[in-house]
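Got the model open in your viewer? Let's walk through it together, starting with the whole chain and then zooming in on a couple of spots.

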Amino acid sequence: MDYLIIFILGTIIGSFLNVCIYRIPKSQSIVYPPSHCANCKINLKPYDLIPVLSYTLLKGRCRYCREKISVRYSIVEFLTGILYVSIYVKYGVTLDAIKYIIMVSILIVIGMIDLETTNVYFKTTLTGSILAIIFLALHAYMGLPVINYIYGGVIGGGTLSLITIITKGGMGGGDAEICFICGLFLGLKLTLLMLFLSFVIGSVVGVALIALSKKTRKDYVPFGPFIVLASIITILWGQGIITWYLL
Ligand SMILES: [Zn+2]
């Protein structure tokens, strides 16, 4: 039962994340105007906005003008629900669970925008950094060590900055900002794993895209989505991977 409640909560937050993903690159406000159809501009009623369900019942079309709605919205909602439940299963009702739920929410927005526009918006990374720092302050207030997380941020952001400089912009500065946030949230040990995983996944996907002739060597492939994917893997299975590797 609690799984279902957390899943539904995740899909509702996912629906808000969709608004952010759609509006931030257009420099629109994420709170006003209310959700409306991109085609006919009619404001959507609450029953049009039930995550996943409305889309399914309306067979993927706007109720008013029958324009096709991208399935991406439902995928993001569903994914957010699944991630929230997975984090709850792994971390229970803890500060870490809340921290990681907030972290993946911001990462979904950054990753999806990067995937679609190949841009990382400072608005989003600034929000992520502020949230991470709030959690560090909370850690400090509770008497928990914070230095490990600061190292994580510095190493995460620093490594990517260094690569950006060496490759002369082959990798964007936005990637360093994403890794900085992830580092602050994850702490040093998990940050190292996250960096390693993002390069492995990035290389594998990059080579596969070239092999399938979807991209050539010269095409730009955004790296942000790989950092996001690596971070999610690290949150859910990182401790296990580290223990398994060290044994
Ligand atoms: Zn419409």
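Start with everything selected: the protein chain in this predicted model has a radius of gyration of 19 Å, which agrees with the value near 18 Å that a compact globule of 247 residues would have. Turn the C-alpha trace along its principal axes and you'll get a span of about 55 × 45 × 35 Å.

Now switch to cartoon view. What do you find in the protein chain, in helices and strands? Nine helices and zero strands, so from the N terminus on, you just read α-α-α-α-α-α-α-α-α.

Next, put a surface on. The protein chain exposes about 13800 Å², and 72% of that comes from carbon and sulfur atoms. Buried residues account for 40% of the 247. If you like contact maps, take the contacts with a separation of 6 or more: 67% of them link residues 24 or more positions apart.

Color by charge while you're here. You should count 19 positive and 10 negative side chains in the protein chain. The centres of those two sets sit 6 Å apart.

**First stop: Lys-99**

Select residues 95-117, which is helix H4, and pick out Lys-99 within that helix. Is Lys-99 buried or exposed? Its relative accessible area is 2%, and because anything under 20% counts as buried, Lys-99 is buried.

Who is around it? Show the residues in contact with Lys-99, leaving aside its neighbours within four places in sequence: you'll get Phe-135, His-139, Tyr-149 and Phe-185. For a distance check, draw a line from the C-alpha of Lys-99 to that of Leu-190: the two are 14 Å apart in space and 91 residues apart in sequence.

**Second stop: Thr-125**

Move on to helix H5, residues 122-141, and select Thr-125 there. Thr-125 has a relative accessible area of 2%, so this one is buried as well.

Show its side chain as sticks and look for two partners. One is the backbone oxygen of Phe-122, which the side chain of Thr-125 reaches at 3.2 Å. Another is the side chain of Glu-177, with a polar contact at 2.6 Å.

To finish, bring up the rest of the surroundings. Setting aside neighbours within four places in sequence, Thr-125 is in contact with Ile-110, Val-120, Ile-178 and Ile-181, along with Glu-177.

Note on methods: Residues are numbered from 1 along each chain as its sequence is written. This is a predicted model: local features need pLDDT of at least 70, side-chain atom pairs count only at pLDDT 80 or more; totals for chains, interfaces and linings use all residues. Side-chain values use heavy atoms; hydrogens and water are left out. Helices (H or I, at least four residues) and strands (E, at least two) are DSSP runs, numbered from the N terminus. Buried means under 20% relative accessible area, exposed over 50%, partly exposed in between (1.4 Å probe, protein chains only). Contact means heavy atoms within 4.5 Å. The radius of gyration is taken over C-alpha atoms; the globule rule is 2.2 Å times the number of residues to the power 0.38. Accessible areas come from the Shrake-Rupley method with a 1.4 Å probe; for residues, only the protein chains shown count as cover. Lys and Arg count as positive and Asp and Glu as negative; His and the chain ends are not counted. The place of a charge is taken as NZ of Lys, CZ of Arg, CG of Asp or CD of Glu. A polar contact is a pair of N or O atoms within 3.5 Å; within protein, one must be able to donate a hydrogen and the other to accept it, and residues adjacent in sequence count only if both atoms are side-chain atoms.
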